[in-house]
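This briefing covers selected structural features of one protein chain. The points are grouped by topic for reference alongside the coordinates.

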Amino acid sequence: MPDSRNWFKSIPPERERKLLSSQRHGLFIKADDKQLINFASNDYLGLATHPNLRDAAIQEIRDHGLGSGASRLVSGDDPLLHELENRLAQWKGFDACLVVGSGMLANIGLIQTLADRHTRLFTDKLNHASLVDGARLSEGKVDRYHHLDLTQLQTLLKKHSAAQRIIISDGVFSMDGDIANLKALITLAEQEDTLLLIDDAHGTGVLGKNAKGLTDLSNIAGHHRLIEVGTLGKAFGCYGAFILGTSEMIEGLRQRMRTLIYSTALPAALPAAALEALALIQQGDVVKQLHHNVALFKQEASSLPLMPSETPIQPLLAKSDCHALEMSGKLKNAGFFISAIRPPTVPEGTSRLRITLSASHSETQIHQLIQALKTII
Ligand SMILES: Cc1ncc(COP(=O)(O)O)c(C=O)c1O
């Protein structure tokens, strides 16, 4: 007899909820009544609490209310969504853009829409869960290649022909902080006649002097074989996501993507805030500060067993799942909030602390963290 109380046979007890919610004040986070410096957020530029974003969102809510009321294709469309799409497309160097509810909805909807049963998908084994689920939920056949192994990818591409083929990869890998070789991927896409889908959720607003992200750094932005996904919930400090591509691709998605058509549109307060975030990113000071903080951390932490990464994601490998939890607990006692990341989020045997840097960290806080890490290790 089905019983919802024992449906899930094993929920790991240590995965209990952390009570953080309303206790968050920018850089600080309150957990178990203790004020901790947050080194675990994806708010890379510290924009989530920036007054310009708050004011824009509050003004929009005051003037027009909160909920959008319906899907974009019914009555939820708003001029601010269109303005944000135009500005993002122009900034990122693509023909067109489509703003959607979240990165998860973007990737699931996008891959489902692109891949029918005649499609073959070639995906990096460490792709984000949203790309993994998008591929699973589509009708396409999936071939996974070892992380960043372009030789294996090429072998798979040579072996498996299909009417339509798509290479799918994170730009910056969310749990490792390392980076896909986009120049080599677009070359493979051209040689093997495939599309290339890049999720640069952690690169946009972060990488490069102008923070346009990995496709710009690799000089492939706007390429006719390329579709890019970005999120508004990380460096932009908001919530939501966007897809960039050719005008024809974006129009096709607008007409067909189920996670857009059958889901309530983002409240306009979010594009209002995201437009402010984009202006701050283009102005550049927060980006410079983030780059400075990453360089400082890497220089000071060179003796620590960090995984190789040039991005604000600086993971530190643990000896075991328990060790990761233990280190996270000790850091909490020392005043720092850093989550232990364990399987299934990362492969077995690679539990880690995922340290993330933000423009809003001070040099003193970075020094203090490194001292604490050295003591704990
Ligand atoms: C690489 C990547 N893609 C997509 C997402 C999902 O984005 P969202 O949080 O907007 O659903 C994440 C979020 O963690 C991510 O790291």
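In this predicted model, Gly 284 adopts a positive phi of about 100° just after helix α11. The helix that precedes Gly 284 spans residues 269-283, and domain 1 resumes with the segment 284-376. The points below treat the helix, the domains and the sheet in turn.

**Helix α11**
- The 15 residues of α11 extend 21 Å from the first C-alpha to the last, close to the 21 Å expected at 1.5 Å a residue.
- Most of α11 is covered, with 11 of its 15 residues buried.
- Among the buried positions are the alanines Ala 269, Ala 272, Ala 273, Ala 274 and Ala 277.
- Leu 270, Leu 278, Leu 280 and Ile 281 are buried as well, together with Pro 271 and Glu 276.
- The elements covering these buried residues include the helices α1 (51-64), α3 and α12, and the strand β3.

**Domain arrangement**
- Two domains are assigned: domain 1 consists of 17-49 + 284-376, and domain 2 covers 68-266.
- A distance of 27 Å separates the C-alpha centres of domain 1 and domain 2.
- Their contact involves 20 residues from domain 1 and 15 residues from domain 2.
- On the side of domain 1 that touches domain 2, α12 (285-300) and β10 (313-317) each contribute at least two residues.
- The largest share of that side, 3 residues, belongs to β10.
- Classified by residue type, the side of domain 1 that touches domain 2 comprises 13 nonpolar, 5 polar and 2 charged residues.

**The seven-stranded sheet**
- An open sheet is formed by 7 strands with mixed pairing, in the order β3-β9-β8-β7-β6-β4-β5.
- Strands β3 (96-100) and β5 (141-145) are the edges, each pairing on one side only.
- From one strand to the next, the twist averages 20°.
- Within the sheet, β7 (residues 195-199) and β8 (residues 226-231) run parallel and are joined by 4 bridges.
- Leu 196 has Leu 226 of β8 as its bridge partner.

**Helices against the sheet**
- Helix α3 (residues 79-92) packs on the sheet and touches β3 and β9 (241-245).
- The direction of α3 makes about 130° with that of β3.
- Both α3 and β3 also take part in covering the buried residues of α11.
- Helix α5 (residues 129-137) lies across four strands: β4 (119-124), β5, β6 (164-170) and β7.
- Relative to β4, helix α5 runs at about 160°.

Methods
Residues numbered from 1 in each chain as written. Predicted model: local features only at pLDDT ≥ 70, side-chain atom pairs only at ≥ 80, totals over all residues. Domains from an automatic or database assignment. Contact = placed C-beta atoms within 7 Å. Nonpolar A, V, L, I, M, F, W, Y, C, P; charged D, E, K, R; others polar. Pairing = 2+ DSSP bridges. Axes fitted to C-alpha atoms, helices over the stretch in contact; angles between N-to-C directions. Expected span 1.5 Å × (residues − 1). Buried ≥ 20, exposed ≤ 12 C-beta atoms within 10 Å, placed from the backbone.
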